[in-house]
Amino acid sequence: MTQRLWAAEKAKALAQAGRARILAIESSCDETAAAVVEDGRRVLSGAVASQIDMHALYGGVVPEIASRMHVEALCPVVEQAMAQAGMTLDQLDAVGVTYGPGLVGALLTGVSYGKALAWALDKPLIGVNHIEGHVSANYLAHPDLTPPFCCLVASGGHSHIVKVERYGHYTLLGQTTDDAAGEAFDKVARVLDIPYPGGPLLDKLAEEGDEHYYKFPRIHTPGKYDFSFSGLKTHVVNAAHNLRQQGQQIRAADFAASFRRAVVDALVDKAVLAALDSAVDTLALAGGVASNRLLRRELARRGEQAGLRVLMPPPRLCTDNAEMIGSAAFYRLMAGQVADLSLNAQPSCRLVEAQS
Ligand code: KG4
Ligand code: ZN
């Protein structure tokens, strides 16, 4: 109890000073990451242990293996981040950790580690929503970015358009009604025999292809800013099977390019429309799919044509990392939102709870 009170007092003092160096931990899926971030904007260090090679053997993330590998990697990754920052643990002001959404076992490793460390150091603990982390990667890449702005978040498990009203306050404008964009990329990659992780490799292959060669449908959704990728994915997977049954060779690069164009058109159309209707001047991009080359080019081109300022983090900060968690944790800390030792993993938590 005393420990909790001290940590809360420290959090209050940090919020009043408006400064904090936060150690952030991310373990929601298949990357174990740690970073030290100063005042939500300056990256002092960042370390990642990727599990991709192991999961590639199975064609996707195996949750139990992910949890075990996080347990092994957490200590060395944190030590690496601290060494890179040239700091000792007692020089930290707070500890931030992703509590969801993600794989429950994977999340629990980071949450348990973060809680133990915050308790041992008697520092404030901040629970961070992973999707908020993705949005916050933009604060690291663009020091002058402040809310309000709109953000298209496209990752392996989520596809949302949100309006960031102020730090930590979001209005959900649109979302996928079924599959996330990254999920669709990964499924179609599998049909093309592209190894896990499919999305980035499909994107690379698509750069060489003719996006007009195959005609794939554009799916319409009732919600003005919503998307749907399940129908497109099924259509594309069936098309591949039919071509094979007819003994025709699939032109993989053209197939990848035509599919990528259909996904990107849907995302960009809705995101630009939502931003214009929200009367903001800035549209940001975030999430693993934000590393997609065509999505980056098209959102910049179409958004700027529409008079918007279009911002996106570099690809390294789009896929899962701890730097983005450190940025989001800072604004939660400034709002006095610190967790206690009852913090738990929430595998299905949402970014905009009020509307759920
Ligand atoms: O944000 P993220 O790293 O993890 C989640 O929070 O889900 O996103 C991973 C997703 C995967 O589906 C991956 O295939 C996709 O992002 N992805 C891409 C690209 N890079 C990663 N999809 C399309 N093109 C890419 N370049
Ligand atoms: Zn992610």
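**Overall fold**

I started with the secondary structure and counted 12 helices and 10 strands in the chain. These are DSSP runs numbered from the N terminus, with helices (H or I) needing at least four residues and strands (E) at least two. The chain has a radius of gyration of 21 Å, close to the 21 Å from the globule rule for 356 residues, so it is as compact as a globular protein of that length. That radius is taken over C-alpha atoms, and the rule is 2.2 Å times the number of residues to the power 0.38.

A note to self on the source: this is a predicted model, where local features need pLDDT of at least 70 and side-chain atom pairs count only at pLDDT 80 or more, while totals for chains, interfaces and linings use all residues. Residues are numbered from 1 along each chain as its sequence is written, chains are lettered from A and ligands numbered from 1 in the order in which they are written, and side-chain values use heavy atoms, with hydrogens and water left out.

I then looked up the overall dimensions: the C-alpha trace spans about 70 × 45 × 35 Å along its principal axes. Of the 356 residues, 55% are buried; here buried means under 20% relative accessible area, exposed means over 50%, and partly exposed is in between (1.4 Å probe, protein chains only). I also checked contacts, meaning heavy atoms within 4.5 Å. Among those between residues at least 6 apart in sequence, 74% join residues at least 24 apart.

**Surface and charge**

The chain exposes about 15,000 Å², and carbon and sulfur atoms supply 53% of that. The areas come from the Shrake-Rupley method with a 1.4 Å probe; for residues, only the protein chains shown count as cover. I found 33 positive and 38 negative side chains, with the centres of the two sets 3 Å apart. Lys and Arg count as positive and Asp and Glu as negative, leaving out His and the chain ends; each charge is placed at NZ of Lys, CZ of Arg, CG of Asp or CD of Glu.

**The zinc site**

Which protein atoms hold the zinc ion (ligand 2) as donors? I found NE2 of His130, NE2 of His134 and OD of Asp320, at 2.0 to 2.1 Å from the ion. Donors are N, O and S atoms within 2.8 Å of the metal (3.2 Å for Na, K and Ca), and water is not among the atoms, so sites may look incomplete. The donor spacing along the chain reads H-x3-H-x185-D. His134 sits in helix H5 (residues 130-141) and Asp320 in the loop between helix H11 (315-318) and helix H12 (323-334), so this pair, 186 residues apart, links distant parts of the chain. His134 is buried at 1% relative accessibility, and Asp320 is buried too, at 19%.

**Around helix H5 and helix H11**

Val135 is also in H5 and counts as buried at 0%. Its contacts, leaving aside neighbours within four places, are Phe149, Cys151, Val153, Val164, Tyr170 and Ala286.

Pro315 lies in helix H11. Is Pro315 buried or partly exposed? I read a relative accessible area of 41%, which makes Pro315 partly exposed. Beyond four places in sequence, Pro315 is in contact with Ser291 and Arg296.

**Strand S2**

Ala35 belongs to strand S2 (residues 31-38) and is buried at 0%. I listed its contacts, not counting residues up to four places away, and they include Ile22, Ala81, Ala322 and Glu323. The C-alpha atoms of Ala35 and Val48 are 8.7 Å apart, with their positions 13 residues apart along the chain.

**Backbone oddities**

My reminder for this part is that most residues other than glycine have a negative phi, and most peptide bonds are trans.

- The Pro147 to Pro148 bond is cis, with omega near 5°; Pro148 is in the loop between H5 and strand S6 (149-154).
- The Tyr196 to Pro197 bond is cis, with omega near -5°; Pro197 is in the loop between helix H6 (181-191) and helix H7 (198-206).
- Asp39 has a positive phi, near 50°, in the loop between S2 and strand S3 (42-50), and is buried at 11%.
- Ala279 has a positive phi of about 55°, in the loop between helix H9 (252-277) and strand S9 (282-286), and is exposed at 69%.
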